[in-house]
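Work through these exercises with the model open beside you. Each task is followed by a solution in steps.

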Amino acid sequence: NLKRALVSGQYHNPKGIMFGGTQLEPSHVLLRDFLLKHDLTGSSQSYEPVVTWIDLHTGLGPSGVDTMIISKELKEETNRWFTDLPRPVEDFSSGPGSVTAGYDLSKGVMSDFYTQLFQLNRKQNKSASALIVTQEFGTVPPIMVARALILENMAYNHSPLEDRGWWSQLTRDAFYVRSTKWKNSILNRG
């Protein structure tokens with residue numbers, strides 16, 4: 001389906017939509033190196049961090065409603081750490097119609113990268129771990145998100161520089177709803 005094709009990304013056409021890149025982004029390199037340099041991943045026997053990492057996203061799901069996206073393997077821990085979640089909770093194996101539908105083929109997911117980084121600590125000390133979740137706030141219907149991404153990609157690769165701002169505004173509007181009701185919902189649910 002269209003959503004699966006978009007969210008799975010691709011790694012063969014740098015000008016294609018949802019190109020996943022050829023290397024780790026510089027911001028993640030800096031963060032990874034910082035965490036390792038200062039032994040903040042818990043790889044040392046003397047340090048036992050308990051980290052909760054929330055990656056905030058907008059775009060998918062009903063407008064103004066957030067969904068917690070978790071690792072299937074850490075579902076029990078998620079329920080223990082977030083005891084009163086007044087929102088949907090899904091993992092990447094949730095079925096059709098869910099916020100995460102179509103992500104089963106995705107590669108390069110941020111939560112997978114950081115889960116692996118903290119994994120050594122989990123093996124050494126069962127009580128210390130990292131819980132990495134994504135909180136996805138819905139904006140506009142998925143087809144409108146897809147349309148905005150496709151048009152911005154087209155503009156970036158084929159439009160004159162002076163026209164790109166107009167096209168990127170469509171993408172901004174797909175990920176940030178300009179209504180007081182949506183903004184209040186995000187603030188209250190976040």
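A residue counts as exposed when its relative accessible area is over 50%, as buried when that area is under 20%, and as partly exposed in between. With a relative accessible area of 52%, R178 is therefore exposed. Keep these cut-offs at hand. The model is predicted.

**Exercise 1. Judge the confidence.**
Find the mean pLDDT of the protein chain, then the elements with the lowest and highest mean pLDDT.

*Solution.*
- Step 1. The chain has a mean pLDDT of 82. Of its residues, 88% reach 70 or more.
- Step 2. Go through the elements. Helix α4, residues 110-124, has the lowest mean pLDDT, 70. Helix α5, residues 142-158, has the highest, 93.

**Exercise 2. Map the largest nonpolar core.**
List the residues of the largest nonpolar core and state which element gives the most to this core.

*Solution.*
- Step 1. Recall the general trend. In soluble globular proteins, nonpolar side chains tend to be buried together.
- Step 2. Collect the members. There are nine residues: L35, V51, W53, M110, Y114, L117, F118, A130 and I132.
- Step 3. Assign them to elements. β1 (51-63), α4 and β4 (130-138) each give two or more residues to this core. The top contributor is α4, with four residues.
- Step 4. Look around I132. Beyond residues up to four places away in sequence, I132 touches W53, M110, S111, Y114, T115 and F118.
- Step 5. Look for another core. A second, separate one has six residues, including I70, L74, F82 and V133.

**Exercise 3. Find a nonpolar patch on the surface.**
Name the residues of the patch and place L2.

*Solution.*
- Step 1. The patch is formed by L2, I143 and M144. Together they have about 280 Å² of accessible area.
- Step 2. L2 sits in helix α1, residues 2-7.
- Step 3. The relative accessible area of L2 is 45%, so L2 is partly exposed.

**Exercise 4. Trace the salt bridges.**
Give the number of salt bridges, then describe the pair D66 and R189 and the network that holds D173.

*Solution.*
- Step 1. Start from the principle. Side chains of opposite charge can pair when their charged atoms come close.
- Step 2. Count. The model has four salt bridges, taking a nitrogen-to-oxygen cut-off of 4 Å.
- Step 3. Take D66 and R189. Their closest N and O atoms are 2.5 Å apart. D66 lies in strand β2 (residues 66-70) and R189 in helix α7 (residues 180-189), so the bridge ties together parts 123 residues apart in sequence.
- Step 4. Check burial. D66 is buried, at 0% relative accessible area. R189 is partly exposed, at 23%.
- Step 5. Turn to D173. D173 pairs with R172, with closest N and O atoms 3.9 Å apart. D173 also pairs with R178, where the distance between the closest N and O atoms is 2.8 Å.
- Step 6. Join the pairs. R172, D173 and R178 are linked in a network of salt bridges.
- Step 7. Classify two of the members. D173 is partly exposed at 31% relative accessibility, and R172 is partly exposed at 38%.

**Exercise 5. Place Y176.**
Locate Y176 and list its contacts outside its sequence neighbours within four places.

*Solution.*
- Step 1. Y176 is in the loop between α6 (164-175) and α7.
- Step 2. Y176 has a relative accessible area of 30% and is partly exposed.
- Step 3. Outside those neighbours, Y176 contacts T139, W182 and K183.
- Step 4. Compare sequence and space. Y176 and T139 are 37 residues apart along the chain, with their C-alpha atoms separated by 6.7 Å.

Notes. Residues numbered from 1 in each chain as written. Predicted model: local features only at pLDDT ≥ 70, side-chain atom pairs only at ≥ 80, totals over all residues. Heavy atoms only, no water. pLDDT = per-residue confidence, 0-100. Core = buried A, V, L, I, M, F, W, Y, C linked by side-chain atoms within 4.5 Å. Buried < 20%, exposed > 50% of the residue type's maximum accessible area, 1.4 Å probe, protein only. Contact = heavy atoms within 4.5 Å. Patch = residues over 30% accessible without salt bridge, like charges linked within 9 Å, V, L, I, M, F, W, Y side chains within 5 Å. Areas by Shrake-Rupley, 256 points an atom, 1.4 Å probe, with all protein chains shown as cover. Salt bridge = Lys/Arg side-chain N within 4 Å of Asp/Glu carboxyl O.
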